[in-house]
Protein chains: 2
Amino acid sequence: MTAAEFLEPVQADLAAMEDFLAPELRPQERFLGEYLAHVSRYRGKRLRPALVFLVARSLGRVTPDHVRLAAVAELLHTATLVHDDILDAAAIRRGNPTAHTVFGTEQTVLLGDYLFARAYELACRGSEPEIAVFLARTAQAICVGEMLQIRNRGNLEIGEPDYFRIIEQKTAALYAACGFIGAHYGGGGPRESGAFSEFGRNVGIAFQIADDLLDLTGDERVLGKTLGTDVGNGKLTLPLIRMLEVLPAGERARVRQGLLRNGHDGHAGHDGPPGWRALLGSTGALDYAHSRAGDFVAAAKRAVGSLGAIPLRENLEAFADFVISRNA
Amino acid sequence: MTAAEFLEPVQADLAAMEDFLAPELRPQERFLGEYLAHVSRYRGKRLRPALVFLVARSLGRVTPDHVRLAAVAELLHTATLVHDDILDAAAIRRGNPTAHTVFGTEQTVLLGDYLFARAYELACRGSEPEIAVFLARTAQAICVGEMLQIRNRGNLEIGEPDYFRIIEQKTAALYAACGFIGAHYGGGGPRESGAFSEFGRNVGIAFQIADDLLDLTGDERVLGKTLGTDVGNGKLTLPLIRMLEVLPAGERARVRQGLLRNGHDGHAGHDGPPGWRALLGSTGALDYAHSRAGDFVAAAKRAVGSLGAIPLRENLEAFADFVISRNA
């Protein structure tokens, strides 16, 4: 199933979300409208809202709460991207110059704050305050995950458990929330909410592993964003962690030295220690990361499978496959 | 009435708020606890929570909602300070090094995001989602006010209407919200909510004018924060706007040139064009700004006065006087 195929049942829902968001993002101040129009171009496949709707359609109904909360998930995601690009000193996002390169760092910090505030405002408009609390907690998890990641920048001793603890919070928490919201407002009980939350969590982890792989091996022109920033920023992701783990001690020391020097330079886009790209392949580290991502996709499918023969199960499975097979 | 005197009736309420906040700000991750402990040292007189409680006590009752929402106001304020200090490149806040100088800019952007998320989480915990929506909108106003301010950096044509539009949003909106919340949960009807909202708004404007005056004329040792950043950052506040307005054309051009050069340098703490400090006095610009601040204090008192002989009226009036007489 292609992305167009598995997303087909929720295209109208995604359009409804855009219609819902459009007037919300038309502020009084013209300059702010310009900023918001710019970052709305970051929106790609809208995987998080699509997950909300796919789960809802699978359980049988899409409600106004789904539309509103899918919009909240997308706004929270956009707000974190806007701030992330500042932190990563990334210049390009979805083929567009990043907000901070156009509007300046200061305006972009505030723009992110504004987007967060809009997201929380929409989150509060429902009848269940617990859901708004839950989403605010999800946003906290994202922040904590990112803070942990930055704290570990240049930490060449970082291991897999640290890596997974970081990406569970910074990425998987929001996917899990989308699965939960889809089920909760779709008429699902605790069993469905739990299963789809677990589906989202595993998909989110797989997504992040794939994203980290793309940063190392992807094509900037296809992805439309600055790549190689992880190594340049001294950020060790799963392939690099694995590579260092399996290298013979002497070689490991040499590569670590190179990465360390790199980290001290602190310049994004630095090329890293000599030969490291070839080592990613020859040590099997890339294959290993792909295979780990596949494990999480399989776990996501098992979570859906636990609910038996439900509608759109194939679409949900294709969704899970997609997050690790995408090249953009 | 001294600050200790007018705050006396709400000291127990402020302590209750601290007790409420303490466990909320004890996160799982030790590093985050350290960050939060650092920024909690920014808390000074806690004027915004004090306003919530003074209004509530004036109307007769302090509820758990007051305690919770006063904490939200303080967290929102702290979050904006944390991000502001990055934007202003300020090094000192309340005698402590600012968060970004200790933890780095990236962690501090995320710490601000985390504090916002905590604030919204607490805002959503009540039974009235409209109040959480209202506070999220207040946060948006703060962001918009600050964005407008940054857009006008280096704009030497900025006039009083622009200045007031900026400070109404970036500062007065949160004070107005505190007045409203105090009245709304204190058993006040629309008349009381309106009057105390207006009280807060005027106090907030007066506070900001006084703050801008202190940036020009205050004592860093007494204030415990970096001063003179406004001129260094090309930010024209009321005294400078007035000074340029009343200067003879030739002199105005000379001073503007100096400020312009300054703005292009872009270095915080730059001394500004020669002689400008003396001009602030000799043109009457400082007196004018003091007098305008006094007008807003008077308007705040009229708003309270419209409610007749209410309890703690003197304390509320002393609160309004305090925001423009403080030297720290």
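Select chain A to begin: buried residues make up 53% of its 328 residues. What you have open is a predicted model, so treat this as a tour of a prediction.

**Stop 1: chain A as a whole**

Keep chain A selected and switch to a cartoon view. You can pick out 17 helices and 2 strands in chain A. The radius of gyration of chain A is 20 Å, close to the 20 Å that the globule rule gives for 328 residues, so chain A is as compact as a globular protein of that length. Turn the chain about its principal axes, and the C-alpha trace spans about 60 × 50 × 35 Å. Now think about the contacts in chain A with a separation of 6 or more: 75% of them are between residues 24 or more positions apart.

**Stop 2: both chains together**

Bring chain B into view. Two copies of a chain are related by a rotation about an axis and a shift along it. Here, a rotation of 180° with 0.0 Å of shift along its axis places chain A on chain B, with an RMSD of 0.0 Å. That is the relation of a two-fold axis.

**Stop 3: where the chains touch**

How many residues of chain A are in contact with chain B? There are 32, and they meet 32 residues of chain B. To see where they come from, color α3 (30–40), α5 (64–88), α7 (105–124) and α8 (129–151) of chain A: each supplies at least two residues of the side that touches chain B. The largest share, 13 residues, comes from α8(A). Color that side of chain A by residue type and you will find 20 nonpolar, 3 polar and 9 charged residues. Of the interface residues of chain A, 100% are also interface residues in chain B, so the copies meet through the same surface.

**Stop 4: a closer look at α3(A)**

Next, select α3(A) and show its side chains. Which residues of this helix are buried? They are A:Leu32, A:Tyr35 and A:Val39. These three cover an arc of only 55° around the axis, which puts them on the same side of α3(A).

Rotate to the face of α3(A) turned away from its buried side, and you will meet the exposed residues A:Arg30, A:Glu34 and A:Ala37.

Finally, go back to the buried residues of α3(A) and show what covers them. The cover includes α5, α6 (99–103) and α7 of chain A, together with α8 (129–151) of chain B. Leave α3(A) and α8 of chain B selected together to see how the partner chain takes part in that cover.

Terms used:
Residues numbered from 1 in each chain as written. Chains lettered and ligands numbered in written order. Predicted model: local features only at pLDDT ≥ 70, side-chain atom pairs only at ≥ 80, totals over all residues. Contact = placed C-beta atoms within 7 Å. Helix = DSSP H or I, 4+ residues; strand = E, 2+ residues; numbered from the N terminus. Nonpolar A, V, L, I, M, F, W, Y, C, P; charged D, E, K, R; others polar. Buried ≥ 20, exposed ≤ 12 C-beta atoms within 10 Å, placed from the backbone. Arc of directions from axis to C-beta. Least-squares fit on C-alpha atoms with pLDDT ≥ 70 in both. Rg over C-alpha atoms; globule rule 2.2 N^0.38 Å.
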